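User: I'd like to learn how to read helix packing. Can you walk me through it?

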Amino acid sequence: MFTSRAEFRLTLRADNADQRLTARGIALGCVGPERAEAFTAKAATLNEIRARAHALSLTPTEAIRAGLNVKADGQRRDVVQLLACPGVGLPELARVWPEIAKWPDFAAEQVEIEAAYAGYLDRQAADVVAFRKDEDLALPDNLDYAGIGGLSNEAREKLAAVRPRTLGQASRIEGVTPGALTALLAHARRARAA
């Protein structure tokens, strides 16, 4: 699968492939009992560490006192939010909460990765909600796809050949990427406002 063509590709990462797919493999019967047991144990540990990462938190004053570089905005931050701050990693947080140093390496690494992606995933989720809202947006029959900036030649050709009636139909055309949909949506909104 080409992740660059996937609509919501930020969730399709190598680091979480086992978490996304092993349960499905177990349900389909193509994962052996040893692998299923290892997956279940790993998932339980990850869930426990994630819950702990969200439970441990500091106020900005406490964080600054601990030598962490955070905004003094009065907002309490948990481990995941603190990891998103520049210069803050698990070694720095382990000085505040020594238990972090005892987290299994795979779980600590997963928490760091998820913290790095958290803001982007939130933004992507908002984009999904916005797109779902605009999915029924009607596209004009005479839309000139050649005049829309931000479309690849492939997307222009496919859109011109299919002539989708709605943005949702356009999203289901092979070769029409999320970026092309964004350009199409912006163009349709401008045309509707004019």
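User: Is the crossing of H2 and H6 left-handed or right-handed?

Analyst: The crossing of H2 and H6 is right-handed; that is, the near helix is turned clockwise from the far one by less than a right angle, and anticlockwise would be left-handed. Bear in mind that this is a predicted model, where local features need pLDDT of at least 70, side-chain atom pairs count only at pLDDT 80 or more, and totals for chains, interfaces and linings use all residues. Residues are numbered from 1 along each chain as its sequence is written, and side-chain values use heavy atoms, with hydrogens and water left out.

User: At what angle do the axes of H2 and H6 cross?

Analyst: In general, two packed helices are described by the angle between their axes and the distance between the axes. Here, the axes of H2 and H6 (residues 105-134) cross at roughly 55 degrees and come within 10 Å. That makes H2 oblique to H6, since under 35 degrees is roughly parallel, over 145 roughly antiparallel, 65 to 115 roughly perpendicular and the rest oblique.

User: Which residues in H2 meet H6?

Analyst: Contact means heavy atoms within 4.5 Å. Lys42, Thr45, Leu46, Ile49, Arg50 and Ala53 in H2 meet Phe106, Ala107, Gln110, Val111 and Glu114 in H6.

User: And how do H1 and H2 pack?

Analyst: H1 (residues 17-28) and H2 (residues 33-55) pack at about 140 degrees, with axes 11 Å apart. That makes H1 oblique to H2, and their crossing is left-handed. On the H2 side, Lys42, Leu46 and Arg50 are among the residues that meet H1.

Key. Axes are lines fitted to C-alpha atoms, for helices over the stretch in contact, and angles run from 0 to 180 degrees between N-to-C directions. Helices (H or I, at least four residues) and strands (E, at least two) are DSSP runs, numbered from the N terminus.
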